[in-house]
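Work through the exercises below with the structure open. Each task is followed by a solution in steps.

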Amino acid sequence: MTVLVGLLAFLAQGVAMSEQSLLIDDFSQRNGRSALGTEWRGFTDRVMGGRSDMQVGYVDGPEGSALRLRGQVRLDNNGGFIQARVPLSADGDFAADDFAGVAIRARGAPGPYYLHLRTGDTRRPWQYYRAPIDVSDQWQDQVIPFSAFEARSIRQPLDLSALRSLAVVAYGEAFEADIEVARIELVR
């Protein structure tokens, strides 16, 4: 009887914990698809004439798999970014009204790194909402509240009912970018 009670308590705790967050990816599938079933894609400033170079892939570590984004961010020719982006829904908008922000586990080389969110309002490539990611050579867990995301080239406030994508971005300076992300999720 006590084993059954313990098992039920454990299961209830797991349900409660899953209700507190929505896993976007822990990179355990290693097939380019997020836990949401959508596909990660890499983009650089070359889509606008820039000259930055990028590699996106997976690395294994003692804690499991991680997404690795690395490359040379260059400012020439109006460039300045590399990114790995994932749609939050396969069919348009994703409603995140019930969440408070994004939790991320990351490490990396020094440099300016950001999370970018795009919504139904961000129709132009240079429109997005961004929040900085702190990195060091050690794994760090961070929770970035949606209130920390600032609008770039758009006046509308962040519409949590119409999120389209999330991206990990190296941006804004000429530097050798190298960031690993082991887990990313929406949190309440």
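The model is predicted.

**Exercise 1. Which residues are linked with Arg46 in a network of salt bridges, and is arginine 46 buried or partly exposed?**

Step 1. The network of salt bridges links Arg46, Asp53 and Arg74.

Step 2. Within this network, the side chains of arginine 46 and aspartate 53 form a salt bridge with an N to O distance of 2.7 Å. The cut-off for a salt bridge is 4 Å, and 2.7 Å satisfies that limit.

Step 3. Arginine 46 has a relative accessibility of 47%. Buried means under 20% and exposed means over 50%, so arginine 46 counts as partly exposed.

Step 4. Aspartate 53 has a relative accessible area of 29%, so this residue is partly exposed.

**Exercise 2. Which strands hold the salt-bridge partners aspartate 141 and arginine 105, and how many residues apart are they?**

Step 1. The side chains of aspartate 141 and arginine 105 meet in a salt bridge at 2.8 Å, N to O.

Step 2. Aspartate 141 belongs to strand β9 (residues 140–145), while arginine 105 belongs to strand β6 (residues 101–108). The two are 36 residues apart, and the pair links distant parts of the chain.

Step 3. Aspartate 141 has a relative accessibility of 58%; this value is over 50%, so the residue counts as exposed.

**Exercise 3. Locate glutamate 150 and arginine 130, and classify each by accessibility**.

Step 1. A salt bridge joins the side chains of glutamate 150 and arginine 130 (2.8 Å, N to O).

Step 2. Glutamate 150 lies in strand β10 (residues 150–152) and arginine 130 in strand β8 (residues 128–133), so this pair ties together parts 20 residues apart in sequence.

Step 3. Glutamate 150, with a relative accessible area of 36%, is partly exposed. Arginine 130, at 12%, is under the 20% limit and is therefore buried.

Step 4. A search of the whole structure gives 11 salt bridges.

**Exercise 4. What is the strand order of the open sheet of 6 strands, and which are its edge strands?**

Step 1. The order is β2-β5-β11-β7-β8-β10, and the pairing is antiparallel.

Step 2. The edge strands are β2 (41–44) and β10, since each pairs on one side only.

Step 3. From one strand to the next, the twist averages 30°.

Step 4. Strand β7 (residues 113–119) and β8 run antiparallel and are joined by 5 bridges. In β8, isoleucine 133 is the bridge partner of tyrosine 113.

**Exercise 5. Describe the surroundings of serine 65**.

Step 1. Serine 65 is placed in strand β4 (residues 64–73).

Step 2. Its relative accessible area is 13%, which is under 20%, so serine 65 is buried.

Step 3. The side chain of serine 65 makes a polar contact with the side chain of arginine 30 at 3.3 Å, and another with the side chain of aspartate 60 at 3.2 Å.

Step 4. Leaving aside neighbours within four places in sequence, the contacts of serine 65 are Asp26, Phe27, Ser28, Arg30, Val59, Asp60 and Ala182.

**Exercise 6. What is the mean pLDDT of the chain, and over which residues is the pLDDT below 50?**

Step 1. The mean pLDDT of the chain is 90, and 90% of its residues reach 70 or more.

Step 2. The pLDDT is below 50 over residues 1–17, a stretch with 0 contacts in the model beyond near neighbours in sequence.

Step 3. Predicted coordinates should not be read in detail where pLDDT is low.

Definitions and conventions
Residues are numbered from 1 along each chain as its sequence is written. This is a predicted model: local features need pLDDT of at least 70, side-chain atom pairs count only at pLDDT 80 or more; totals for chains, interfaces and linings use all residues. Side-chain values use heavy atoms; hydrogens and water are left out. Helices (H or I, at least four residues) and strands (E, at least two) are DSSP runs, numbered from the N terminus. Buried means under 20% relative accessible area, exposed over 50%, partly exposed in between (1.4 Å probe, protein chains only). A polar contact is a pair of N or O atoms within 3.5 Å; within protein, one must be able to donate a hydrogen and the other to accept it, and residues adjacent in sequence count only if both atoms are side-chain atoms. Contact means heavy atoms within 4.5 Å. Two strands pair if DSSP finds at least two bridges between them. Axes are lines fitted to C-alpha atoms, for helices over the stretch in contact, and angles run from 0 to 180 degrees between N-to-C directions. pLDDT is the predictor's confidence in each residue, from 0 to 100.
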